Amino acid sequence: MHDPSVVDLSRLQFALTALYHFLFVPLTLGLSFLLAAMETVYVTTGNEIYKRITQFWGKLFLINFAIGVATGLTMEFEFGTNWSFYSSFVGDIFGAPLAIEGLMAFFMEATFIGLMTFGWERLRPGQHLAVTYLVALGSNLSALWILVANSFMQNPQGAHFNPATMRMELTSLPDLIFSYDAQAKFVHTSIAGYVTAAVFVAGVSAWYMLKNRHAELARRSFRMAVLFGVLATAGVITLGDALGFVGGQAQPTKLAAMEGLWKTQPGPMPFNLVAFPSQEKRVNTGELQVPYALSLLVTHSVNGSVPGVDQLERDAAVRIRDGIPAVAALQTLSSRPDDPAALAQFHAHEHDLGYGFLVQRYANDVTQATDAQIATAAKDTIPQVAPMFWSFRAMVAMGLAMLAFFVLATIYTMRNNVQHKRWLLKMAVWMIPVPFIACEMGWLVAELGRQPWTVYGMLPTWMSASTHSVGYMIFSIAGFVALYTLFILIEMYLMVRTIRIGPADEAPATAANSDAHAGRYSPVEI
């Protein structure tokens, strides 16, 4: 039996390292494609200012990429050190997309980022543009494979449990890659990165305009960022709805926690705009509701109904009882692998094997589990509602605030008077941290909502951790927090220093340059 304190500390350490790492990921995903868009304008128009724009934001991209890689490498090792049973149980499936990510996406990204950084004077403009697009493609492919791996944890597809090896085994790579959850999560996460980059570029550009520095570069960067951002924000909200629809079908307990649904009720169901969930009492206090909204948002119909915690706990208890014979059969097969009766019993109940594992936390002999132990295990299937409820609403509120900002910014920048709207420029600067916080909230919703599973419905978290001591875990967490805090301080110092220095001074225009590109400007400059 695992020490619950070690399991909780292992979760805390992984949560902290992932939250630290995820501060860098969205900006890398979004800024790579925004750089490609900026350089496309340079190559198609020949306007040198867009070359300076691309080079300047490329410096900030490089800083963020380097620190992001440093914080991300340790996470893969953490699976082996802190989650050894998990690694053994699903390593055949989970390891495949991570290996492809390293071989295909990361090496591609790391190779071409060097060419992008040092190839300005060595490659023709079209060649350099192709390299920039390859960096952007590599960054986003990296996210794809990592999210495919994560989506298996959320909604396991393309694999089955082999009682002979006591491991999950891959049965279909296409099913793993093209699961609805994997694709929805990838698109939603990638576009959230585009929003983050747009807010970052707009905010820094606004700061330059407020300081009356690099005015032309800042104005053009701001315009590209807000046009990019208004489309990306509309997309991330729309696709977030799609992800919620898919996730609600695959993980109804997560949906119930997000919405604070303790009781199942017939449609139309109201949306809890504000509520104060009590996990102990299984009720909300002080609800502020929007009629009909939940049915429309989740089921896309007026009369749709969503199962509440009460029904989900009853369903879990049934599945736990059905999974107990599968666990008992596994115990027999561990000593007698060819026992035909045990094999038949296992295959009859294998669909609920993971639920049988849940009650093993409370009953060493699962066949003797009491009704009270089964009820306790069934209650464990519901995530902590209050953190889920408020994290989700904070994420949505920040998404809507960014959409409103981008709509306003687009209106004023298209009127070519944004530089005179100091209130909007100040708003843009203050908006910089918002997408980073929203992304962190989204990660919390995704991962807290999966509990009590590491692989939803298959492997409980309490079984997955390594057998370390509490002292070891506390020492390890302290070391990681100190190291990652140092990384963030380095990132902030380098970013702020680069921004304060600003882009390289604009080269004086020559008549030759003006003549050479005279016919290549768009009538409406970006």
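**Charges, fold and cores**

Start with the charges: the protein chain carries 32 positive and 36 negative side chains, with the centres of the two sets 13 Å apart. Lys and Arg count as positive, Asp and Glu as negative, while His and the chain ends are skipped; each charge sits at NZ of Lys, CZ of Arg, CG of Asp or CD of Glu.

A word on ground rules: this is a predicted model, where local features need pLDDT of at least 70 and side-chain atom pairs count only at pLDDT 80 or more, though totals for chains, interfaces and linings use all residues. Residues are numbered from 1 along each chain as its sequence is written, and side-chain values use heavy atoms, leaving out hydrogens and water.

Now the overall layout. The C-alpha atoms fill a box of roughly 90 × 50 × 40 Å along the principal axes. Of the 526 residues, 52% are buried, meaning under 20% relative accessible area with a 1.4 Å probe, protein chains only.

On to the inside. The largest nonpolar core (buried Ala, Val, Leu, Ile, Met, Phe, Trp, Tyr and Cys joined through side-chain atoms within 4.5 Å) has 122 residues, and W57, Y86, F200 and F222 have the most contacts inside it. Helix α7, residues 180–210, gives the most to this core, with 17 residues; helices here are DSSP runs of H or I, at least four residues, numbered from the N terminus. Beyond its neighbours within four places in sequence, W57 is in contact (heavy atoms within 4.5 Å) with L31, L35, M38, F200, V201, V204, S205 and S221. Apart from that core lies another, of 19 residues, including A257, L261, W262 and F392.

Note on methods
Buried means under 20% relative accessible area, exposed over 50%, partly exposed in between (1.4 Å probe, protein chains only). Helices (H or I, at least four residues) and strands (E, at least two) are DSSP runs, numbered from the N terminus.
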